[in-house]
Amino acid sequence: MAPPNQLCLVLVIFLSVFSLSSLSTSVIIPKANVSLSIPSSQLVFLKALSTPEFIAAMDTTQLGTLIMKLRATNAKATLNVYNEIIKKPGSPQALKALNCCVEAYKYAILSFEMVSSELVEDPQTANYDVAVIGPKIANCEKELINVKVQAPRLLAGNRFMKYYVSMGYKITSTLELENPNEY
């Protein structure tokens with residue numbers, strides 16, 4: 001059975017994600033006439049936590065490392081969507097907004113990868129590195145909205161990024177509280 005601190009952390013993260021989320025979202029890929037159903041964040045989170053790697057996590061640090069690596073992988077997938085959409089014809093303003101988002105996601109990927117290694121040595125630095133991702137994604141979202149880019153799939157990717165930033169922040173904060181004198 002998982003240690004009490006780990007169970008509390010999972011509960012706090014789940015409740016955080018639950019409070020930030022809505023139910024299932026339908027997404028239409030622009031100019032492709034394809035509709036996808038994206039499960040609610042709760043289902044994505046529960047699915048992620050039910051993998052063998054997460055079940056085998058022995059402590060909060062391992063759990064946090066796995067979540068950060070998962071988020072880096074998911075951010076890469078969203079970055080690929082941005083790169084696909086950039087290839088399609090569009091206005092210079094839309095291209096500028098999309099490129100802003102590409103840079104934000106590249107930064108987020110690097111940050112999540114760094115955080116997964118920093119959790120062991122320095123959760124306080126990891127906490128900062130997770131926290132600075134949020135404003136970059138918010139700026140990306142603002143740019144998309146300002147130029148009226150109609151890409152619900154991208155906005156959904158940004159929303160999931162916010163969930164993972166929130167989870168990362170909770171994890172790194174918890175690690176700081178668990179071991180206040182070690183860092």
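Buried means under 20% relative accessible area, exposed means over 50%, and partly exposed lies in between. Keep these cut-offs at hand for the exercises below. The structure is a predicted model.

**Exercise 1. Sorting residues by accessibility**

Decide for L175, A131, K148, L95 and T73: is each one buried, partly exposed or exposed?

Solution, step by step:

- Start with L175, a residue of helix α8. Its relative accessible area is 0%, so L175 is buried.
- Next comes A131, which belongs to helix α6. The relative accessibility of A131 is 33%, so this residue counts as partly exposed.
- L95 sits in helix α5. With a relative accessible area of 38%, L95 is partly exposed.
- T73 is part of helix α4. Here the relative accessible area is 49%, so T73 is partly exposed.
- Finally, look at K148, in the loop between α7 and α8. K148 reaches 64% relative accessibility and therefore counts as exposed.

For the whole chain of 183 residues, 42% count as buried.

**Exercise 2. Reading the layout of the chain**

Find out how many helices and strands the chain has, and in what order the elements run.

Solution, step by step:

- Count the elements: there are 8 helices and 2 strands.
- Now walk along the chain from the N terminus. The order is α-β-β-α-α-α-α-α-α-α.
- Then turn to the contacts between residues at least 6 apart in sequence. Of these, 71% join residues at least 24 apart.

**Exercise 3. One helix and its neighbours**

Work out which residues of helix α6 are buried, and which helices they pack against.

Solution, step by step:

- Helix α6 covers residues 123-131, and its buried residues are P123, A126, N127, D129 and V130.
- Around the axis these residues cover an arc of only 165°, so they are on the same side of α6.
- Their packing partners are α4 (60-86), α5 (92-121), α7 (133-146) and α8 (152-178).
- Take α7 from this list. α6 and α7 pack at an angle of about 5°, and their axes are 4 Å apart.
- Because of that angle, α6 is roughly parallel to α7.
- On the α6 side, the contact is made by D129, V130 and A131; on the α7 side, by I133, G134 and P135.
- Sorted by class, the contact of α6 with α7 has 4 nonpolar, 1 polar and 1 charged residues.

**Exercise 4. Exploring the nonpolar core**

Identify which residues touch the most other members of the largest nonpolar core, and which helix gives the most to this core.

Solution, step by step:

- A useful background idea is that in soluble globular proteins, nonpolar side chains tend to be buried together.
- The largest nonpolar core has 36 residues, and the members that touch the most others are M68, Y82, F112, L144, L154 and M161.
- Each of α4, α5, α6, α7 and α8 supplies at least two residues of this core.
- The helix that gives the most is α5, with 12 residues.
- Now zoom in on M161. Apart from its neighbours within four places in sequence, M161 is in contact with R71, A75, Y105, A108, F112, I133 and I137.

**Exercise 5. Apart in sequence, but how far in space?**

For L175 and A126, A131 and Y169, L95 and V149, and T73 and I109, give the separation along the chain and between C-alpha atoms.

Solution, step by step:

- L175 and A126 are 49 residues apart along the chain, and their C-alpha atoms are separated by 9.9 Å.
- For A131 and Y169, the separation is 38 residues in sequence and 6.5 Å from C-alpha to C-alpha.
- L95 and V149 lie 54 residues apart along the chain, with 9.5 Å between their C-alpha atoms.
- T73 and I109 are 36 residues apart along the chain, with C-alpha atoms separated by 7.7 Å.

**Exercise 6. A backbone angle to look at**

Determine what is noteworthy about the phi of K148.

Solution, step by step:

- Recall the general pattern: most residues other than glycine have a negative phi.
- Now check K148. Its phi is near 55°, a positive value in a residue other than glycine.
- Last, locate K148 in the structure: this residue lies in the loop between α7 and α8.

Key: Residues are numbered from 1 along each chain as its sequence is written. This is a predicted model: local features need pLDDT of at least 70, side-chain atom pairs count only at pLDDT 80 or more; totals for chains, interfaces and linings use all residues. Side-chain values use heavy atoms; hydrogens and water are left out. Buried means under 20% relative accessible area, exposed over 50%, partly exposed in between (1.4 Å probe, protein chains only). The arc is that of the directions from the helix axis to the C-beta atoms. Contact means heavy atoms within 4.5 Å. Axes are lines fitted to C-alpha atoms, for helices over the stretch in contact, and angles run from 0 to 180 degrees between N-to-C directions. Angles under 35 degrees count as roughly parallel, over 145 as roughly antiparallel, 65 to 115 as roughly perpendicular and the rest as oblique. Ala, Val, Leu, Ile, Met, Phe, Trp, Tyr, Cys and Pro count as nonpolar, Asp, Glu, Lys and Arg as charged, and the others, Gly among them, as polar. A nonpolar core is a set of buried Ala, Val, Leu, Ile, Met, Phe, Trp, Tyr and Cys residues joined through side-chain atoms within 4.5 Å.
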